[in-house]
Amino acid sequence: MGWVGRQAEAEQLNALLSRGAVLVTGPPGIGKSALVARLPTVAWVDLQGCTHEEDWSARLCVALDAVAASREGLLAAARRQTVLVLDSVDGLGDWFGDWLVALSGCAAVVMTSRRRLDVDAAQIELGPLTAQEGAALLRERVQSVRRAEALDEDELRRLSEALDGVPLALELVAPRLRLRAVSDLVLRPTEGLDPLLDSVRAGRETCSAAAQRLLDVAAVLPGPFDAQVLGIAAAEAVDDSLLELLDRSLIHPLPGRVPQFRLLAPVRAALIPSQALQQAVDDRLAAHLLPMVEAAVDGLDALDAVDAVRLLGRHMAVLARLVAHQNAEVRLRAALVMAAKERRTGPLSALLERDERLVDEGPASMRVMWSSQVAVAASHFGQHARAQQALERVSAVLTDEDLPRWRSQRAVVWVSAGKVEEGLREAAAVEALASEDPMVWLRIGMARFYAGALEAAIGPLRRGRDRATRSFRRAQAAVTLGAALRDMGAPADAVAAELALGGPVP
C-alpha cells in the first residue's frame with residue numbers, strides 16, 4: 001500500500017530525511033504508516049495510545065533494544081540506528097519536543113501523526129488517492145490473478161471514488177471483491193471497515209466538545225461545504241473548532257478559489273448524526289442559506305454570470321439535500337434555485353430526474369414556476385408530451401398573474417411539438433392580454449419564430465427585448481430577433497442595429 005500512488009511522496013520523504021526530522025500527517029487510513037514502513041533499515045516505535053513520558057521511555061527501550069530506559073541509554077541506542085520511525089505521536093505531550101531535538105541528533109527521525117504538530121520537522125501531508133490509483137490498488141490486492149483480470153476498470157474507479165481514495169479502506173474492501181460484484185460494493189462501500197471506523201471514532205473522542213459537535217454537524221452536510229455553510233448549519237461560530245478538526249485530519253480541505261472542505265468516506269461512515277440533529281441542520285439551512293442562493297439567482301441573468309455560477313455551484317449538494325426537506329415550500333425553493341443554475345450551465349437532465357422525485361404540492365405560484373422549468377427541459381430533449389403534461393398539471397391552480405406566462409409557455413411547447421396552428425392561436429390569445437411581463441412577449445415571439453411566422457414575431461421580440469430588466473433575457477430576445485430579420489432577408493446593417501440594442505440593461 002505504501003507505494004501505490006505514493007511515488008512522489010516517497011521520493012519527497014527520502015529527500016527530506018537527509019535534512020532532519022520529517023512528520024507525515026493525514027487522516028485515519030490514509031497510508032502514513034504504510035509509506036514509512038517502506039523505508040530501509042528502520043527502527044520502529046509503535047506509540048499508539050502512548051501519552052506519558054514513562055510509557056514513551058519503555059516503548060523506546062524495547063524498540064531500540066537499549067540497555068537501560070534512561071535518557072542517556074536511549075540516546076546511545078538511537079545512535080546505532082539509520083532511521084528511527086516514531087509511529088502515531090498524536091498523543092505525546094509538550095515534553096516530546098525536547099526528545100525530538102535530542103533524537104534528531106542521533107539518527108534520521110520520521111514521525112506519523114493524524115495531527116499537525118508544532119515541532120521542528122519538515123512535513124508531508126498525505127491526501128486521498130485518485131480514482132485511477134485507487135483502482136490500481138484494488139486490482140493489486142484482490143489476491144487472485146484470474147479474478148483481478150476480470151474486474152472492470154470503470155467499476156473499480158467508482159468503488160475507489162465511493163471510498164474517497166482512502167488506502168486502508170480500499171485494502172479492507174479488496175478481499176470482498178473475490179466474492180462480491182463491484183457494483184454491489186459501490187452501493188455499500190463502508191461495510192466491513194470496522195477497524196478504520198473505530199479509529200475515526202477514537203480520534204473524535206480526543207477533540208474538544210465544541211469540535212465534536214461541529215464534526216457531527218459536518219456529517220449531516222453532503223459536502224463539499226465552506227466555513228459559512230458550516231456556520232449556518234451549526235448556528236455558532238466555527239473557526240476555532242474547524243481549525244481543530246483540520247489539524248486532526250478529521251475534515252479534509254479541498255483546493256480552490258474559495259476554501260472548501262469535506263468528510264472522507266470512512267469519517268462520514270463512522271458518524272451517525274441523530275434524526276433531531278439532521279432536522280435542525282436542514283431547518284437552519286432552509287432559513288439562512290436559501291435566501292442567500294435565491295438572491296444569487298438574479299446574477300445568472302447577467303451577461304457575466306461567473307460569480308453567481310460559482311456561488312451556486314458550491315452549494316448544489318446542500319440544495320439537493322433540501323429538495324428532500326419535509327416542508328413542500330422548502331423543497332420547491334431549493335429545486336427552483338438548482339433549475340436556474342442548470343438552465344444556465346446544465347445538465348437539464350438532472351432537472352427532469354429531480355421532477356420525478358418531487359411531490360406535486362406546495363405554494364401554487366412555485367408549482368407553476370417549477371412546471372415551467374420542467375416544460376423547458378423536456379422540450380430541450382424533444383419530450384414534448386412530457387412538457388405539455390408538466391404545464392397541464394398546474395392548470396387548476398393558475399392565478400390571473402400566472403395565466404399569461406403559463407399560456408405563452410404553452411404556445412412555445414405546442415409549436416415545438418408540431419402543433420403549429422394551436423401554438424399560433426395560443427400566442428395570439430396571450431398577445432391580446434397585453435401583459436407587461438417581458439418573458440411573455442419573448443415567448444410569443446419565439447413561438448412565432450419557431451412556427452416560421454417571422455414577420456409576426458418581430459413586434460413581440462422587440463417588446464421583450466426593450467422591456468427586459470435582465471441582461472441575459474435582453475440578449476436572448478435580441479439574438480432571436482436578429483435571426484428572424486436575417487431569415488427575412490433584412491440588410492446586415494439593419495440586423496446589426498437591432499442586435500446592438502440587445503446589450504446590457506441600461
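Burial here goes by relative accessible area: buried means under 20%, exposed over 50%, and partly exposed anything in between, using a 1.4 Å probe and protein chains only. The model is a predicted one, so local features need pLDDT of at least 70 and side-chain atom pairs count only at pLDDT 80 or more, while totals for chains, interfaces and linings use all residues. Residues are numbered from 1 along each chain as its sequence is written, and side-chain values use heavy atoms, with hydrogens and water left out.

Salt bridges come up first. The cut-off is a side-chain nitrogen of Lys or Arg within 4 Å of a carboxyl oxygen of Asp or Glu, and by this rule the count comes to 36. One of them joins Arg116 to Glu125, with the closest N and O atoms 2.8 Å apart. Arg116 is partly exposed at 26% relative accessible area, and Glu125 also falls in the partly exposed class, at 40%.

Another salt bridge pairs Asp164 with Arg262, again with 2.8 Å between the closest N and O atoms. Asp164 sits in the loop between α8 (153-162) and α9 (167-173), and Arg262 in strand β7 (residues 260-262), so this pair ties together parts that are 98 residues apart in sequence. Helices and strands in this passage are DSSP runs numbered from the N terminus (H or I with at least four residues for helices, E with at least two for strands). Asp164 is buried, its relative accessible area being 16%.

Glu498 and Arg462 also meet through their side chains in a salt bridge, at 2.5 Å from N to O. Here the link runs from helix α28 (residues 492-500), home of Glu498, to helix α26 (residues 454-467), home of Arg462, so parts 36 residues apart in sequence are tied together. Glu498 is buried, with 11% relative accessible area, whereas Arg462 is partly exposed at 33%. Elsewhere, Asp355, Glu356, Arg386 and Arg393 are joined into one network by salt bridges that share partners.

Next, the aromatics. Rings of Phe, Tyr and Trp (its six-membered ring) pair if their centres lie within 6.5 Å; planes under 30 degrees apart count as stacked, over 60 as edge-to-face, and the rest as tilted. The structure holds four such pairs. For Trp56 and Trp95, the ring centres are 6.0 Å apart and the planes stand at 55°, so the pair is tilted. Trp56 lies in helix α3 and Trp95 in the loop between β3 and α5, so this pair ties together parts 39 residues apart in sequence. Trp56 is buried, at 0% relative accessibility. The rings of Trp56 and Phe96 have centres 5.6 Å apart and planes at 80°, so that pair is edge-to-face. It links distant parts of the chain too, with Trp56 in helix α3 and Phe96 in helix α5, 40 residues apart. Phe96 is buried as well, with a relative accessible area of 3%. Together, Trp56, Trp95, Phe96 and Trp99 form one aromatic cluster.

Helices α3 and α5 turn up again around helix α4 (residues 71-78). Buried residues of α4 are Gly73, Leu74, Leu75, Ala77 and Ala78, and their cover includes α3 (53-64) and α5 (96-104).

Strand β2 (residues 42-46) shows alternating side chains: Ala43 and Val45 point to one face and are buried, while Val42, Trp44 and Asp46 point to the other and are not. β2 runs parallel to strand β3 (residues 83-87), and five bridges join the two; strands pair if DSSP finds at least two bridges between them. Asp46 has Asp87 as its bridge partner in β3.

Now for helix α19 (residues 328-345). Its 18 residues reach 26 Å from first C-alpha to last, close to the 26 Å expected at 1.5 Å a residue, where the expected span is 1.5 Å times one less than the number of residues. The helix is mostly covered, with 14 of its 18 residues buried. At its start, a side-chain oxygen of Asn327 comes to within 2.9 Å of the backbone nitrogen of Glu329. After α19 comes Gly346, whose phi is positive, near 80°.

Finally, Ser408 lies in helix α23 (residues 402-416) and is buried at 0% relative accessibility. Setting aside neighbours within four places in sequence, Ser408 is in contact (heavy atoms within 4.5 Å) with Val430, Val440 and Arg443.

Technical notes: A polar contact is a pair of N or O atoms within 3.5 Å; within protein, one must be able to donate a hydrogen and the other to accept it, and residues adjacent in sequence count only if both atoms are side-chain atoms.
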